[in-house]
Amino acid sequence: MRYEETHFVDSTRPVWNYSLFSDEDVRNFQQGTHYRLYELFGSHRVTVLDRTGYYFAVWAPNATAVSVIGNFNNWTPDVNPLFVRLERSGIWEGFIPDIPIGESYKYHIKGFNGGTLDKGDPYCNFWEMRPRTASITWELDFSWRDEEWMQTRKGHNALDAPWSIYEVHLASWMRPDPADEERYNTYDQLRQLLVPYVKKMGFTHVELMPVMEHPFDGSWGYQGTGYYAPTSRFGDPQGFMALVDAFHLEGIGVILDWVPSHFPYDYHGLYLFDGANTYEYADMRKGFHPDWNSYIFNYSRGEVKSFLISNARFWLDKFHVDGIRVDAVSSMLKLNYSRKAGAWEPNEYGGDGNLEAISFIKDLNATVYRDFPDVQTIAEEATDWPGVSRPTFAGGLGFGMKWMMGWMHDTLDYFKLDPLHRRHHQDKFTFSIMYYYDENFVLPLSHDEVVHGKSPMLYKMPGDDWQKFANLRLLYTYMLTHPGGKLLFMGNEFGATTEWNYKTELPWHLLQYDGHRLLQDCVRDLNGLLRGEPAMYENQFNMYGFEWVDLRHRDESVIVYRRKGKDAKGDLLVILNMTPVVRRDWKVYAGGKDAWQEIFNSDDRKYWGTGDTNNPAVPVRLVDETDGIYELTVHLPPLGGIVLK
């Protein structure tokens, strides 16, 4: 029943007593088990006693008074005071008639120790464009067209489906004016530019670096103030909905980077929200993040836990996203993360795990997979914490996948080597399979690897220009044929020659040069190979999908492995030649099939390779009839990878 049907509403005041909360809502909020708070908190357009306006609700447990200020009352405090609920929940609420959509507002809070603060709405769906910091009344109505995707996406997002993720920073992927960091493409323009590009390149998913509202461009979105609002840099929330919708219409999943680990100290944000440590730990040994000069959510507080899990559900529910990549999980799990001895306190059992954060993460994942079984949660986690991507009922943290940071570091270290020295480091190259089956891994070559002096991917490769491109094509061939999901940061696909700079756009002018344009074609075709060959993904997270075939040629730096799907007829052989030496009539011994053909060669002329070393036919000879072993004779291109089927 509507509130006014069972309660007297005093319509003579500037703020009417009105509530969307039930007693059960309040209890669940406090206990950390209310996961649809976006339907209650914030500003909501409602009609009360035939008057339309906005209902406001905010949590400020240490406040002595809260009022709404905005253009409608000339930003005058105390004119429109909210009512505090009497059960001491710290919820302030009320209805203000005649406020229109698009009205800027803040909460004026008289808080702890008598201080006053003007805060943005933690639950609002739209913010003013920075540097302005007010919230905006809005509604999330939208006519979705992605019904077919939503009904079938369980197959697209499954662990036995192909995963090739294109990581994008929306502001700097492409700009209207590369020299003007204050101008952005709109969501509408990105829909017309980015969606066709991702489709053409064959990626299965796009991962967007944080789109939640944030005040400082240089944080790349990882220090947010508006957890429930897509950034206004590119337009309104409906614009972002249309972008997600467009990706889905092209069969592309959308993953959002999500940051439940920390938030900045901006005055209008969550820090000291009502004058006290409301969202963050009061003990700065747990509440302050020394690496990022930011503040850590208090996972022990039920209201904070409800806020965060509701936020994850919000993006899955209201914006149809296909998953969340959870940032900085390591910093959440460890009390001593980036802290010296004496700067942290062990948990009640004497360990270094943040028990409250661990419980929060498990509840988060259990809730997401309960309510949205056709999406994925992905952890950016860099330690050896066990069971990150194992179900909570099996003792794990419950993520669907985890970034394979060890693979990334070892692989880049290996490829940076002069090819003549790679024979001494084959163990570094092959080590990933030793622990691969511990988790469901995504292989990332992310934004973190092309900033802060680490150099762009192309210039990590040794040799002259031709060798750099050949090495990079070889690396991508290895990456796309290694089991697991794959993630490639924007610009890596065409060999950017500068580090990523969020203030400008990708160096698209490089595509006028053959090496860059044809590298882009190589990545496109590798994505097509991944999507088109079930052996590349059907068993990508179990031991039946991969087999070493030849690791005995360490001195020649030639490595051979087999990718296996559910039908052995579709098995693939991957042969990598890690040196610039052409190897003709190379013998490979493999069982099961008496006919093979080359379906991919990274040295093809169409990828700016030499094109001199290929295999139009692969001679096969039976050498062991008992075990069904065949000898294949192939030609191996310099710094090249070939795939046989």
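## Helices, pockets and backbone details in a predicted model

Helix H8, which runs over residues 302-318, has 17 residues and reaches 23 Å from its first C-alpha to its last, close to the 24 Å expected at 1.5 Å a residue. This description concerns a predicted model. Helix H8 is mostly covered, since 15 of its 17 residues are buried. The helix is followed by His-320, whose phi is positive, near 60°.

### Pockets and cavities

The largest pocket has a volume of about 490 Å³. It is lined by 22 residues, and those closest to its centre are Trp-220, Tyr-222, Trp-292, Asp-327 and Asp-448. Helix H9 (residues 329-333) supplies the largest share of this lining, namely three residues. By class, the lining of the largest pocket holds eight nonpolar, eight polar and six charged residues.

The second largest pocket has a volume of about 310 Å³. Its lining consists of 14 residues, of which Tyr-3, His-7, Ser-19, Arg-85 and Glu-93 lie nearest the centre. These lining residues divide into seven nonpolar, four polar and three charged.

A search of the whole structure finds five cavities of 30 Å³ or more. In the largest cavity, the 15 lining residues include His-169, Ala-171, His-214, Arg-233 and Phe-234, which lie nearest its centre. In the second largest cavity, which is lined by 13 residues, the corresponding places nearest the centre are taken by Ile-296, Ser-331, Lys-334, Leu-335 and Arg-339. The elements that give two or more residues to the lining of this second largest cavity are helix H7 (284-287), strand E15 (288-289) and helix H9. Helix H9 therefore takes part in the lining of the largest pocket as well as in that of the second largest cavity, by the DSSP runs that define the helices.

The table sets out the volume and the lining classes of these four spaces.

| Space | Volume | Nonpolar lining | Polar lining | Charged lining |
|---|---|---|---|---|
| Largest pocket | about 490 Å³ | eight residues | eight residues | six residues |
| Second largest pocket | about 310 Å³ | seven residues | four residues | three residues |
| Largest cavity | about 120 Å³ | nine residues | three residues | three residues |
| Second largest cavity | about 110 Å³ | six residues | three residues | four residues |

### Aromatic rings and charges

The structure holds 58 aromatic pairs. One of them is formed by Tyr-3 and Tyr-18, whose rings are edge-to-face, at 5.4 Å centre to centre and with 65° between the planes. This pair links distant parts of the chain, with Tyr-3 in helix H1 (residues 3-6) and Tyr-18 in the loop between H1 and helix H2 (23-31), 15 residues apart. Tyr-3 counts as buried because its relative accessibility is 19%, where the cut-off for buried is under 20%. Tyr-18 also counts as buried, at 6% relative accessibility. Tyr-3 is, in addition, among the residues that lie nearest the centre of the second largest pocket.

Two lysines are placed against aromatic rings. The charged end of Lys-119 sits over the ring of Tyr-267, 5.6 Å from its centre, and Lys-593 lies over the face of Trp-596, at 4.2 Å from the ring centre.

Another aromatic residue, Trp-407, is found in helix H11 (residues 405-416). At 1% relative accessibility, Trp-407 counts as buried. Trp-407 and Tyr-435 are 28 residues apart in sequence, while their C-alpha atoms are 9.9 Å apart in space.

### Backbone details

Most residues other than glycine have a negative phi, and most peptide bonds are trans. Against that background, several places in the backbone deserve a mention. A cis peptide bond, with omega at about 15°, joins Arg-130 and Pro-131. Pro-131 has its place in the loop between strand E7 (116-119) and strand E8 (135-136).

Asp-78 has a positive phi of about 75° although it is not a glycine. Asp-78 is found in the loop between strand E3 (65-70) and strand E4 (83-84), and at 41% relative accessibility Asp-78 counts as partly exposed. Ser-455 likewise is not a glycine and has a positive phi of about 75°. Ser-455 lies in the loop between strand E20 (441-445) and helix H14 (457-460), where its relative accessibility of 19% means that Ser-455 counts as buried.

Notes. Residues numbered from 1 in each chain as written. Predicted model: local features only at pLDDT ≥ 70, side-chain atom pairs only at ≥ 80, totals over all residues. Heavy atoms only, no water. 1 Å grid on protein atoms, 1.4 Å probe; cavity = no way out; pocket = protein on both sides within 12 Å on 5 of 7 lines; lining within 4 Å. Points joined across faces, edges and corners; volume = space filled by probe spheres on them. Helix = DSSP H or I, 4+ residues; strand = E, 2+ residues; numbered from the N terminus. Nonpolar A, V, L, I, M, F, W, Y, C, P; charged D, E, K, R; others polar. Phe/Tyr/Trp six-rings, centres within 6.5 Å; stacked < 30°, edge-to-face > 60°. Buried < 20%, exposed > 50% of the residue type's maximum accessible area, 1.4 Å probe, protein only. Lys NZ or Arg CZ within 6 Å of the ring centre and 35° of its normal. Expected span 1.5 Å × (residues − 1).
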